[in-house]
Structures are given as C-alpha cells and as structure tokens.
Amino acid sequence: SPPEEVEDAGEPTKRDRSHLENTLKLNEEKPADDVAGVLQRLRKIYHSSIKPLEHSYRYNELRQHEITDGEITSKPMVLFLGPWSVGKSSMINYLLGLDNTPYQLYTGAEPTTSEFTVIMHGPKLKTIEGIVMAADSARSFSPLEKFGQNFLEKLIGIEVPHKLLERVTFVDTPGIIENRKQQERGYPFNDVCQWFIDRADLIFVVFDPTKLDVGLELEMLFRQLKGRESQIRIILNKADSLATQELMRVYGALFWSLAPLINVTEPPRVYVSSFWPHDYHPETHRDLFLKEEISLLEDLNQVIENRMENKIAFIRQHAIRVRIHALLVDRYLQTYKDKMTFFSDGELVFRDIVEDPDRFFIFKSILAKTNVSKFDLPNREAYKDFFGINPITSFKLLSQQCSYMGGCFLEKIEKAITRELPDLLGSLGLGKKPNVLSCDVTGCGETPKNRYRKP
C-alpha cells in the first residue's frame, strides 16, 4: 500500500524544510514597496473610468462578474483542484508546515474534504463560517452569496498566522468523484469552481499515480479551465510510492489521458514529486523530486512577486470587455432608433434586430472600430438573454453619456485602457511613484507578457 496509509510504527523521518524557507523567501523582511499607493491608484481608475460605463450598460448581467474593492486589493489566489484523495490538503499542510499543529487540514485515504476551504492570513488561528465570509464586503468572497445558502454551508475560511499567507491565499476544493452527480452536492459545483478558476492566479491540478481515470467530471473541469492554460500546473503527486519504471509509465499515461482535454500547442508543465512532510521513500529519485519541488515553489514565488502586474492586467482586460459591451449595446440602440418610424411596433422591430444582428452589421461595425479583436467579442446568443431582461429603451446612447464636468464615459474608459493602466504598470518596474510617469518613459506596453511560461 502507498506510504500514506501506513500508520507510523516508529515516527517516519521528516524531510528537511530549508529549501521551502529559502525559495519562498519566508525569512526575508519584505521591502516596503508602494503596493498601497498603486492599489489606491488602481481603485481610483476603476471607480472613475470603468465602473460608470459598467453600471450604465449593466455589464454585470451579461458576464456575472462585478469587481468589488475586496477583489482589487485581494492577495493572489492559488487554487487546488483534482480527483479525491490525491493529496491536495496534505500538500497545503506541507507547504505551510501545518502537520501536527492544531491548524492542519484533515486528510485521509477516503474523500475527506467536502468543503471549499479558504486558507488565509490572520493574527491568530480562527475558523470563519462561509455565511460570515460572504457577508463581509471587505473580503473578496461576497459575490459567492449568489450560489445560495446550501453552498455557503460548504464554504469555510481558516485564518492562520503564517508568513506565506501574508502574500498569498490558498483554496482547497472538494475532490472530483467521477460517479457522483452534480445535483447530489446540493449546490452548483461547476459554477462555484468556475468562480474560483476565474479569479485564481495559479491553478494546481493534482493527480495520484493510482487514480488516473479521466471521467465526465474531470472533462468538465478542463473545459472550464479553457483560456487559463498559462495559470495551470499539473502535479503528479505521491511519486515516491512507485518504482522508476512504473513512474515513467504512469507519467506517460497521465499525458495520454489529458492530451485531448488540454487544447494547446505546448503541453502544460507537469511536476512529479511527493508533496508531504515525510522523507522520500528510499531507492527513489530523491534529487529529481527535490528539484521538481523547488521549481514548483519558484512558480509560486513568481506569482507572488508579479501580484501587482497581474492585478493591473486583470483590471485592464475587464475594462476592454466593458468597453466592447458598451459599444455593442450602443450599436443595437442606434440600429433600433434608425429602424423605428411613427407607426412601428417597437417590440417587433427590436426582435428582428436581436434575432439576426448580422443582417444589421452590428458585430461587424464594432470590429471596424479600432482596437477590437474578433476573439474578444461576446457571444450573440448572450445578447438575446441580456435584452430579454433589459429592454433596449432603458439604455442611453454613448454620445449622450457625457457631462460638462466629468467628460464622456467612453473617452474615460479608452484613456484608462491605453494610457492610465499601462502607465501604472510601467511605474512598478521603475520603482517610482505612479503619478510622475508618462507614456514617454514607460512606452505603455500594450499587453503585459505572460510571466508564467517557462523559458
């Protein structure tokens, strides 16, 4: 049987943790960088230049993604996904050194984690009920209320006074059980996973060499991970429980079963090691496992260090989507006004437009505008639902959304996308105060580069 299930006859030897401390720089005092100042600027840009247009065109009803202040100031989030009993909770215990302390997450050979557990920093050990977490708007979890009370009972927060948690938040998820139907959980499991996936900075998908069956639940999960490939890291855990030859076979089998699910040109990074505190099994590739572990810790460190860049890039991407949505609604409204005559029935005229927007060149005309990529356009069907709830007559044209003092909504969001957010991004690299920068200095790099891809 794998070493996990062997009760300690004598206490198993513990692994040295110094590489953890060094790679994650847990003993270093962090320099007091101007994170608070940058976050303040970011919130100001969001509230003054992006939110007005978001509200005016009810973007939240299209994408169900409203950005709260808690989300702007939140720490990077690392999400652990995968089948049941592959060692997700043990891995978190190991990274934080929680074993044999009152804080440790419960682990075992059967499916043990039935909750979404958020492990975050706090001055002393404390457990927080999901209902309390969702009610606190200063935290970034208040939007989870929409998944209902049944779900909030399955959400739990644990505050732990740990150095690493000052800079990152971990989320442990219930394991995927292939023969279990989603409705049996009593809440929309896939929707909740999607909410966490959308907000995670790093996603660890953990596998156990003895459980490589890929079923419908796992396929569904990988469908939800589409578009987030650069954040995904695959972990083949408990690797020291196998002999070398077996491990190579399992590694090949894992790639073989995942290949159809991950549709990218380059394969995702797979880490092969055993993430728990006991020493590696004798006669296994200790050096390889240790190197793999250090690579994974470096990845984690990278996410922590790029926290502000990712935050700014995320808000900028959000702003681009809000702008496209506003341009589309404006175009639908303009077309409606052009088609209406004194004798027309407004509802019929608009139904025509919504049923076949291509006949009126609605999406094509947006592409003709500068800086809109066809890959960023939302789904046409989504607008049928959107206008089903929000009558077209409840919106104003973009040209009417201007005020003498405040300027025009569209101009403000465009300025945020092309100037203010890139300026803020540039100011991080130069270590200067954000407000003294202009595009001449930073070059306003349009797209932040993907720092997670291995060179």
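The dialogue below walks through a predicted model, one feature at a time.

Q: Where should I begin, and how many helices and strands does the protein hold?
A: A count of the elements is a reasonable start, and in this predicted model the secondary structure comes to 17 helices and 10 strands. Of the 455 residues of the protein, 48% count as buried. One can also ask how far along the chain the contacting residues lie from each other: among contacts with a separation of 6 or more, 78% are accounted for by residues 24 or more positions apart.

Q: How do I read a sheet, and in which order do its strands stand?
A: Strands of a sheet pair through backbone hydrogen bonds, and the pairing is either parallel or antiparallel. Here 8 strands form an open sheet with mixed pairing, and the order is β3-β4-β2-β5-β1-β6-β7-β8. Because β3 and β8 (270-272) each have a single partner strand, they stand at the edges, and one side of each is left without a neighbour in the sheet. From one strand to the next, the twist averages 20°.

Q: Which strands pair with β4, and in what sense does each pair run?
A: Strand β2 (residues 116-121) pairs with β4 in the parallel sense over 6 bridges, and within this pair M120 stands opposite E159 in β4. Strand β3 (residues 126-129), by contrast, runs antiparallel to β4 and is joined to it by 4 bridges, with I156 in β4 as the bridge partner of E129. As for its surroundings, β4 (residues 155-160) is mostly covered, since 5 of its 6 residues are buried.

Q: How many bridges join β6 to β7, and what lies across them?
A: Strand β6 (residues 202-207) and strand β7 (residues 232-236) run parallel and are joined by 5 bridges; I203 stands opposite I232 in β7. Helix α10 (residues 244-258) lies across β6, β7 and β8, and its direction is at about 145° to β7.

Q: How do I describe two helices that meet, and at what angle do α8 and α9 cross?
A: One gives the approach of the axes, the crossing angle, the handedness and the residues in contact. The axes of helix α8 (residues 189-199) and helix α9 (residues 216-224) come within 10 Å and cross at roughly 35°, and α8 passes α9 in a right-handed crossing. On the α8 side the residues are F189, N190, D191, C193, Q194 and I197, and they meet E217, M220, L221 and Q224 in α9. The residues of this contact divide into 5 nonpolar, 3 polar and 2 charged.

Q: Is C193, one of those α8 residues, buried or exposed?
A: C193 counts as buried because its relative accessibility is 2%, and a residue is called buried when its relative accessible area is under 20%.

Q: What can a single buried residue show me, and which residues does L297 touch?
A: A residue can be read from its place, its accessibility and its contacts in turn. L297 has its place in helix α11 (residues 286-305), and it counts as buried because its relative accessibility is 0%. Leaving aside neighbours within four places in sequence, L297 is in contact with H19, L20, T23, L24 and L95. L297 and E21 are 276 residues apart in sequence, yet their C-alpha atoms are 9.9 Å apart in space.

Q: Where does N93 lie, and is it buried or exposed?
A: N93 lies in helix α5 (residues 88-96) and, at 2% relative accessibility, counts as buried. With neighbours within four places in sequence again left aside, the contacts of N93 are L98, D99, Q104, L105 and T107.

Q: How do I read a backbone angle, and what is notable about phi of R58?
A: The sign of the angle is read together with the residue type: phi of R58 is near 50°, a positive value in a residue other than glycine. R58 has its place in the loop between α2 (35-56) and α3 (59-63), and R58 is partly exposed, with a relative accessible area of 27%.

Q: Finally, how many disulfides does the structure hold, and which cysteines form a link?
A: The structure holds 1 disulfide, formed by C402 and C408, whose sulfur atoms are 2.0 Å apart. The link of C402 and C408 is right-handed, with 110° about the S-S bond. C402 is partly exposed, with a relative accessible area of 35%.

Notes:
Residues numbered from 1 in each chain as written. Predicted model: local features only at pLDDT ≥ 70, side-chain atom pairs only at ≥ 80, totals over all residues. Heavy atoms only, no water. Axes fitted to C-alpha atoms, helices over the stretch in contact; angles between N-to-C directions. Left-handed = near helix turned anticlockwise from the far one by under 90°. Contact = heavy atoms within 4.5 Å. Nonpolar A, V, L, I, M, F, W, Y, C, P; charged D, E, K, R; others polar. Buried < 20%, exposed > 50% of the residue type's maximum accessible area, 1.4 Å probe, protein only. Pairing = 2+ DSSP bridges. Disulfide = S-S within 2.5 Å.
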